[in-house]
Structure formats: C-alpha cells, structure tokens
Amino acid sequence: MYVCSCFGITEKQVKEHAEAGACTPRQIASACKAGTDCGGCVRAIQAVLGRGACPRRELLDRKRTPGTAADAATDAAPETDPGTAPGIAPGIRLSEAA
C-alpha cells in the first residue's frame with residue numbers, strides 16, 4: 001500500500017528504512033523524501049513506525065530517566081564540542097540529530 005503518493009513510497013519501503021535505522025518521520029524523509037511535499041503522509045509514516053525499538057529513541061529515553069548512570073556521566077562531563085548541543089547525546093553532532 002502506498003504511504004506517500006507524492007513520491008510513490010510504500011509501507012514496505014518505510015519499514016525497510018526503519019529497519020535500516022530511521023526512527024522518525026524526519027529520518028524517513030531524509031532517506032526517501034516521503035513526507036516532504038504535501039505532508040499528508042506524515043501521520044501514516046508515524047503509524048507505520050509505531051513505538052517500536054529504536055536505538056536513538058532508547059538513548060533519549062535513558063537520558064530522561066532520572067538517576068541513571070548515564071545521566072551522572074553526562075552531567076559530569078562538560079560540553080566541549082561546538083558541534084553538539086544540550087539534550088543531544090555526547091558524540092552525536094547536530095547534523096546527525098533528528
């Protein structure tokens with residue numbers, strides 16, 4: 001079934017991109033342009049992605065959980081890389097964050 005009629009992207013293609021690491025509609029858009037024209041398919045893409053396992057989402061969820069060892073290590077380490085910003089896991093550059 002087509003998810004994005006503007007670019008002819010199917011549900012199967014969205015799932016393939018998700019398996020390759022795209023966890024958000026924005027990352028799907030970067031991979032195949034789906035959702036970048038009229039935007040009518042963004043909710044359908046969100047539905048296909050669901051709330052399944054995602055390495056980036058797991059990192060964010062871990063960061064939000066108070067009292068974890070990851071929080072303590074992140075809070076103790078100063079931001080030294082000008083390409084990163086608060087709230088983004090250390091080592092991930094702004095250009096990689098989505």
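Good morning. A search of the whole structure finds 0 disulfides. I should say at once that the structure is a predicted model. A disulfide is a covalent bond between the sulfur atoms of two cysteines.

Why, then, is Cys 32 in no such bond? The closest cysteine sulfur to that of Cys 32 belongs to Cys 4, and at 7.3 Å it is too far for a bond. Cys 38 is likewise in no disulfide; its nearest cysteine sulfur, that of Cys 6, is 3.7 Å away, whereas a disulfide requires two cysteine sulfur atoms within 2.5 Å. As to their surroundings, Cys 32 counts as buried, with a relative accessibility of 13%, while Cys 38 counts as exposed, at 59%.

Let me stay with Cys 32 for a moment and turn to its helix. Helix H2 covers residues 25-32, and its buried residues include Gln 27, Ile 28 and Ala 29 as well as Cys 32. After H2 comes Lys 33, which has a positive phi, near 75 degrees.

I now move to charged side chains. How many salt bridges does a search of the whole structure find? The search finds 1. In this salt bridge the side chains of Glu 11 and Lys 15 meet, at 3.3 Å from N to O. Side chains of opposite charge can pair when their charged atoms come close.

Both residues lie in helix H1, residues 11-19, and because they are 4 residues apart, about one helical turn separates Glu 11 from Lys 15. An α-helix has 3.6 residues a turn, so residues three or four places apart point the same way. Glu 11 counts as partly exposed, at 24% relative accessibility, and Lys 15 is also partly exposed, with a relative accessible area of 41%. Thank you.

How values were computed: Residues are numbered from 1 along each chain as its sequence is written. This is a predicted model: local features need pLDDT of at least 70, side-chain atom pairs count only at pLDDT 80 or more; totals for chains, interfaces and linings use all residues. Side-chain values use heavy atoms; hydrogens and water are left out. Buried means under 20% relative accessible area, exposed over 50%, partly exposed in between (1.4 Å probe, protein chains only). Helices (H or I, at least four residues) and strands (E, at least two) are DSSP runs, numbered from the N terminus. A salt bridge is a side-chain nitrogen of Lys or Arg within 4 Å of a carboxyl oxygen of Asp or Glu.
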